[in-house]
Amino acid sequence: MTFSIVAAGADGTEWGVAVASKFLAVGAAVPAARAGVGAIATQSYANLAYRPDGLAMLAAGRGASAVLDALTAADEQRDQRQAGVVDRDRTAATFTGSGCHPWAGGVTGEGYAIQGNILVGPQVVEAMEAAWRGSDPAAPLAERLLAALRAGDDAGGDRRGRQSAALLVASTAGGYGGGTDISVDLRVDDATAPCAELVRLLDLHELYFGAPTETLPLEGELADEVAAHLARLGQPSLEAWAGVENFEERLVERRIDVLVLRELRAARGRD
């Protein structure tokens, strides 16, 4: 019913899952990830207990293959299950039960496991693997996962059609505000083109929560311009406006992120 990729970033700081399916809210059932531990996808009559139980085994130091063997051995309905696991050491494993609806199967390589069932054919998994292996190892894991997922979708994906998709990434750098290890958690629960919508959401996520990569000194003519924009918008400070627009993660003391400046100028143009 689903195709997914479970993977770890090349630098050993990110673990995540990207998944799509003709199934309502697939992100509520399939993916799980924990920084410094690993990631899991459980699908095909998904056994949701694989997620907490698998992460607990990974956290205890068991490798991906051992975890998958233990999960399936204890499951009387293992023949209908499919799952992928990647551990803290970037070792991966995949499992497809003999009772999964065709086409069903998976592949693994260093740092990734790709699997799917009720697919149009093996070309879906093959396209996902090619996209993953062809992506830049230095790129953010979320971008690489989504590129692989889109490749599978473009290759035909779930033979029943499209409905939902999700992207989950855990990072040692932490998530919003530093209070969690989940750095990306995006879901499209019901849509005609869920993978395309997931791309749009990831772009927004980067805009709002990405770390500034280019900033300018907030002084001289630029400081005057920013003050004029804020005054026109009725905002007492850049911090106040950023709070309203959800750009607080991009604030830099005595400087301004170029993306924030772009959005401020656009907001000034819309008033």
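User: Why are α1 and α2 called oblique to each other?

Analyst: This is a predicted model, in which local features need pLDDT of at least 70 and side-chain atom pairs count only at pLDDT 80 or more, while totals for chains, interfaces and linings use all residues. Residues are numbered from 1 along each chain as its sequence is written, and side-chain values use heavy atoms, without hydrogens and water. Helix α1 (residues 50-59) and helix α2 (residues 64-73) pack at an angle of about 140°, their axes being 10 Å apart. Angles under 35 degrees count as roughly parallel, over 145 as roughly antiparallel, 65 to 115 as roughly perpendicular and the rest as oblique. The pair α1 and α2 is therefore oblique. Axes here are lines fitted to C-alpha atoms, for helices over the stretch in contact, and angles run from 0 to 180 degrees between N-to-C directions.

User: Which residues of α1 and α2 meet?

Analyst: With contact defined as heavy atoms within 4.5 Å, Tyr-50, Asp-53, Gly-54, Met-57 and Leu-58 of α1 meet Ala-64, Val-67, Ala-70, Leu-71 and Thr-72 of α2. By class, seven of the residues in this contact are nonpolar, two polar and one charged. Ala, Val, Leu, Ile, Met, Phe, Trp, Tyr, Cys and Pro count as nonpolar, Asp, Glu, Lys and Arg as charged, and the others, Gly among them, as polar.

User: What makes β7 and β10 edge strands?

Analyst: The open sheet of six strands has the order β7-β8-β1-β2-β9-β10, with antiparallel pairing. Strands β7 (105-109) and β10 (182-188) each pair on one side only. Two strands pair if DSSP finds at least two bridges between them. One such pair is β1 (residues 2-8) with β8 (residues 112-116), which has five bridges in the antiparallel sense. Within this pair, Phe-3 stands opposite Gly-116 in β8.

User: Which helix packs on the sheet and touches β1, β2, β9 and β10?

Analyst: Helix α4 (residues 141-154) does so, and its direction makes about 25° with that of β2. Helix α5 (residues 194-209) also packs on the sheet, touching β2, β9 and β10.

User: Why are α4 and α5 described as roughly antiparallel to each other?

Analyst: Their packing angle is about 165°, with the axes 10 Å apart. Set against the classes of angle given above, α4 and α5 are therefore roughly antiparallel to each other. Their contact is made by Ala-142, Glu-143, Leu-146, Leu-149, Arg-150 and Asp-153 in α4 with Cys-195, Leu-198, Val-199 and Leu-202 in α5. This contact has seven nonpolar, no polar and three charged residues.

Technical notes. Helices (H or I, at least four residues) and strands (E, at least two) are DSSP runs, numbered from the N terminus.
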